[in-house]
Amino acid sequence: MQLGMIGLGRMGGNIVRRLMQKGHDCVVFDQNAKATSEFAKEGATAGNDLTDLVDKLNKPRAVWVMLPAGKITEGTVEQLSNLLDNGDIIIDGGNSFYKDDVRRAHALRARGIHYVDCGTSGGVWGKDRGYCLMIGGDTAIVEHLDPIFDALAPGRGQASETPGRERRDPRVERGYLHCGPNGAGRFVKMVHNGIEYGLMQAYAEGFNILCRASDEHLPADQRFDFDTADIAEVWRRGSVIGSWLLDLTAIALARDPALREFTGTVDDSGEGRWTLMTAIEEAAPADVLSAALYARFRSRDRANFADKILSAMRHEFGGHVEVKVAAE
């Protein structure tokens, strides 16, 4: 199947690579002309600009936008809406707010253009591991795009079968789900990221307690000099708290138990805030998720080892680099 890709950063570029490995045809464009030409060398068709990319796609066209949420995505979707024809499809695979997806879908539908929101989880590892996809849009359009989603998803892998799923959607077990109409996919991804904040904070606080077990203010016979790298590793082996986030933490700690490359200043990319805003609208308690978000705010004033653990996890799964805070 043919797909246009706009945005060749960490996620967009690896999505293109995975699709090409699976035999799909990709037409690509990035504002960085060097990035576009590099992917052309790898087998993609280069678009010189949005118009050229659209012209090189067969109808009905499908264009995936993989850009940061906000003005750049809004502007790109608006430009595409003036270039595409009736029956073409825009997929936004970034981290936009679900209410923006609902609004865009309505506006594009009036022009005869289909819109799909696709929450995409997998970070910098997705090219090899595959991507967990949470999809919102009209059923017929999502089914039309199934070859793309199936290629990007991780497949069944080594996960054991869940009892009682015999009559349920088999695509879910391969790592992608049609969550509902426009906005539903991003809503699920938003909550996914809110949960991610809470899980990361729990690990971070736990490792911070381990790290401080040797503090001098403690009684001498109650001080422990723990090897956090070894603890992370042993917890990976049969522990009830094992997870991919713990795997990534173990990688970072094995590289440097002191995490000296991190200051512990932890950024947030918006999804945690949106999750809490939605929780407030629903009057749904979210004690852990709200505490996790506020902990990130606090890290920008005074960071500790817990915050370094958070920074390390974000770097391992998403390639996120700490925002440097200027000294006062």
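The chain has 15 helices and eight strands, taken as DSSP runs numbered from the N terminus, with H or I over at least four residues for a helix and E over at least two for a strand. Its radius of gyration is 22 Å, close to the 20 Å of the globule rule for 328 residues, so the chain is as compact as a globular protein of that length. That radius is taken over C-alpha atoms, and the rule is 2.2 Å times the number of residues to the power 0.38.

This is a predicted model, in which local features need pLDDT of at least 70 and side-chain atom pairs count only at pLDDT 80 or more, while totals for chains, interfaces and linings use all residues. Residues are numbered from 1 along each chain as its sequence is written, and side-chain values use heavy atoms, with hydrogens and water left out.

Along its principal axes, the C-alpha trace spans about 75 × 50 × 40 Å. Of the contacts with a separation of 6 or more, 69% are between residues 24 or more positions apart; contact means heavy atoms within 4.5 Å.

Next, burial. Of the 328 residues, 49% count as buried, meaning under 20% relative accessible area with a 1.4 Å probe, protein chains only.

How many residues of strand E6 are buried? Seven of the eight, residues 114-121 being the strand, so E6 is largely enclosed by the rest of the structure. Strand E5, residues 89-92, runs parallel to E6 and is joined to it by four bridges; pairing requires at least two bridges found by DSSP. Within this pair, Ile-89 stands opposite His-114 of E6.

Note on methods: Buried means under 20% relative accessible area, exposed over 50%, partly exposed in between (1.4 Å probe, protein chains only).
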